[in-house]
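Ready for a few warm-up exercises on a structure you haven't met before? Have a look at it first, then work through the tasks and check yourself against the solutions.

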Amino acid sequence: MANHKEVLEGCTIEIRDDDHLTINGKEIHYEHNRSDGTWSSKYLPYTKYPSLLVMARAIVRDTVEFSHVKE
Amino acid sequence: MAIRKDANTLTAAERAEFVAAIKALKAEGIYDQFVLRHANAVMDAIHRAPAFLPWHRRFIFDLEVELQRVSGNPNLGIPYWNWATGGANASMWDDDLLGGDGDAGGVVRTGPFRAGEWTVINSSGLPAGPLMRSFGQSGMPTLPTQGEVNQVLAVTPYDVAPWNTGSNPSFRNQLEGWIGPNLHNRGHVWVGGSMLPMTSPNDPVFFMNHCMVDKVWHDWQVRFPNQGYLPETGGAFGQNLNDPMDSTPSGRIGPRPIDVLNSVTLGIVYDDATGQPQPQIPVIVIGTNPTAADIGAPGEADLFQFDVSTFGSYTMFTSGPSDTFMTLLGPNDQTAQVASNDDGGENLNSQITRNLSAGTYFLRIRLFSPNTTGVYSVGVRAEGNAPSPTIPELTVDGAGLNSSISAANESDLYLFRITNRDTYTIQTSGTTDTFLTLHGPNSQIPEIARNDDGGVSVNALIRRQIDPGEYYARVRHFSQLGTGPYTIRVSRG
């Protein structure tokens, strides 16, 4: 089992044991479709992702819960 | 009536009206309520499942009603985003409608929804910065072509088990975008930015994208009038034809898929409508030989209608070698389910026997398995040998009659006789939310008045001047699923 931790755009992404995902300490629920090898999350309902980390980075970038764009 | 037009064909005045109405709803806080309704719905209940299309049809219908209110224009419709002609250079992205792409950082800085003029909210309802877009930069570089839309329009049935992103063949799944050319999802992902998460209604183009999705569904329904919504039963709760959908309030129309299946009855008109007449529903005459029919394609459902002129007991049945499933709807309403049956008849045929008041009823016949085809015959007979049910009679200025709606979709019929032209009041009392219709004179069929909450609390009341004759009052629960006791009374004055 692999662990991963990185900071992206000010947000801390942490994956424990390949399957436990948190962003800024908040647990992120997701679905892993083993038949087509994709990950998806309720945060981003229109896309499936090829890995848990790619999905986590997209959540940081694209959801207003985690991205902090200034006008 | 909402007239929905291609966003790229709107006049300058129509653009200004739409933008002003959206901004008025934003100022009232109503727009953000729509964002939250979508953002806080259960994702898998409104996406990646059969209810995806009816849920969003109801959602954009509700916004349209609000747009009509604030604009004062009862014909204002949400423009649809015609993907094939709606690329980055299309006029819908001009500064007088949606504004354009985001800047290098994704921030929208042009048009009426630019930074400083429009603030998005997060799923908690808190301000969360400017509107963001990055056309074609989020993994979908192109929009659907007309050829791809046509390809999806040819797919049947509506949906199929396992009722999710793996469903195939499935019109819903192709239109949503999990298999096939990808239409709806592609619209979201092509715009990118604020259109990517569950808060995607933050970008007004959300509603144009879903208006296009709804138009494609409408076009498909016109093309395949016998391909009904699936599943009728057997899916997850909230996904079946008669289930209330997640995060859908009660309103002018009901919260179930069956309540939104017909765009015409919702008052929606698309600008490219050819005026093609609605398909005629075959009529069954009670007591005649059964009508031969067939389910020629898997998932197909046939609709028939028959007229009941007198209250009584009737049997609706199929015959033949197929395993049929029957749903009885009415009276006078194709969305009000009375009863359903699988194997109540001979062999695997369906059959329903029921006391019916006067009115037009509808029978929807499908095969039990959505994966098969087959032939059958369908008929209706009056149970003439059975004693004719007696209609309870109300006496003018007499005591009220106590009764109850004891089952979903039940309605009770009452008779009263008027000998002198005068004003009379028919009303219910009690704690049940009753709905009352008045029929006559001397016939159960013509409806001359109806009322929901004109009485005390949620009781119904009709006050009307009527001529001598026999009249019929029909009482049902306002909710098609509701039950409860009530008292009904007729009085002069």
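**Exercise 1: a hairpin in chain A**

A:V7 sits across from A:T12, a residue of β2(A). Keep in mind that this is a predicted model. Your task: work out how strand β1 and strand β2 of chain A run, and how many bridges join them.

*Solution.* Start with the two stretches: β1(A) covers residues 4–8 and β2(A) covers residues 11–16. Next, the pairing: they run antiparallel, with 5 bridges between them. Finally, look at the turn. The hairpin leaves 2 residues between the strands, and A:E9 has a positive phi there, near 50 degrees.

**Exercise 2: a sheet and its helix**

Find the order of the strands in the open sheet of 3 strands in chain A, and say which strands are at the edges.

*Solution.* Step one is the order, which is β5-β6-β7, with antiparallel pairing. Step two is the edges: β5 (30–33) and β7 of chain A each pair on one side only. From one strand to the next, the twist averages 20 degrees.

Now zoom in on one pair. β5(A) and β6(A), the latter spanning residues 38–41, are joined by 4 bridges. Within this pair, A:E31 is opposite A:S40. Then add the helix: α1(A), residues 52–62, packs on the sheet and touches β5, β6 and β7 of chain A. The direction of α1(A) makes about 145 degrees with that of β7(A).

**Exercise 3: where the chains touch**

How many residues of chain A are in contact with chain B, and how many of chain B with chain A?

*Solution.* Count each side: 13 residues belong to chain A and 20 to chain B. On the chain A side, strand β7 (residues 44–49) gives the largest share, 4 residues. Sorted by class, that side of chain A holds 6 nonpolar, 2 polar and 5 charged residues.

**Exercise 4: two helices of chain B**

Check the lengths of α4(B) and α8(B) against 1.5 Å a residue.

*Solution.* Take α4(B) first. Its residues, 52–71, number 20, so the helix should span 28 Å, and the end C-alpha atoms are indeed 28 Å apart. Right after α4(B) comes B:G72, with a positive phi near 75 degrees.

Helix α8(B), residues 205–223, has 19 residues and reaches 27 Å, close to the 27 Å expected. Is α8(B) mostly covered or mostly open? Mostly covered, with 15 of its 19 residues buried.

**Exercise 5: the largest core**

Which residues of the largest nonpolar core touch the most other members?

*Solution.* The core has 86 residues, and those with the most such contacts are A:A56, A:I59, B:W81, B:M208, B:C211, B:M212 and B:V216. The largest share of this core, 10 residues, comes from α8(B). Now follow B:W81: leaving aside neighbours within four places in sequence, its contacts include B:V205, B:M208, B:C211 and B:M212. A separate core of 25 residues lies apart from this one, with B:F304 and B:Y314 among its residues.

**Exercise 6: a mixed sheet**

Why do β13 and β18 of chain B each have one side without a neighbour in the sheet?

*Solution.* First, the order of the 5 strands in this open sheet of chain B is β13-β15-β20-β17-β18, and the pairing is mixed. Second, β13 (393–394) and β18 (447–451) stand at the edges with a single partner strand each, so one side of each stays without a neighbour. Last, look inside the sheet: β17(B) (434–439) and β20(B) (469–477) run antiparallel with 6 bridges, and B:T434 is opposite B:H477.

How values were computed:
Residues numbered from 1 in each chain as written. Chains lettered and ligands numbered in written order. Predicted model: local features only at pLDDT ≥ 70, side-chain atom pairs only at ≥ 80, totals over all residues. Expected span 1.5 Å × (residues − 1). Buried ≥ 20, exposed ≤ 12 C-beta atoms within 10 Å, placed from the backbone. Core = buried A, V, L, I, M, F, W, Y, C linked by C-beta atoms within 7 Å. Contact = placed C-beta atoms within 7 Å. Nonpolar A, V, L, I, M, F, W, Y, C, P; charged D, E, K, R; others polar. Pairing = 2+ DSSP bridges. Axes fitted to C-alpha atoms, helices over the stretch in contact; angles between N-to-C directions.
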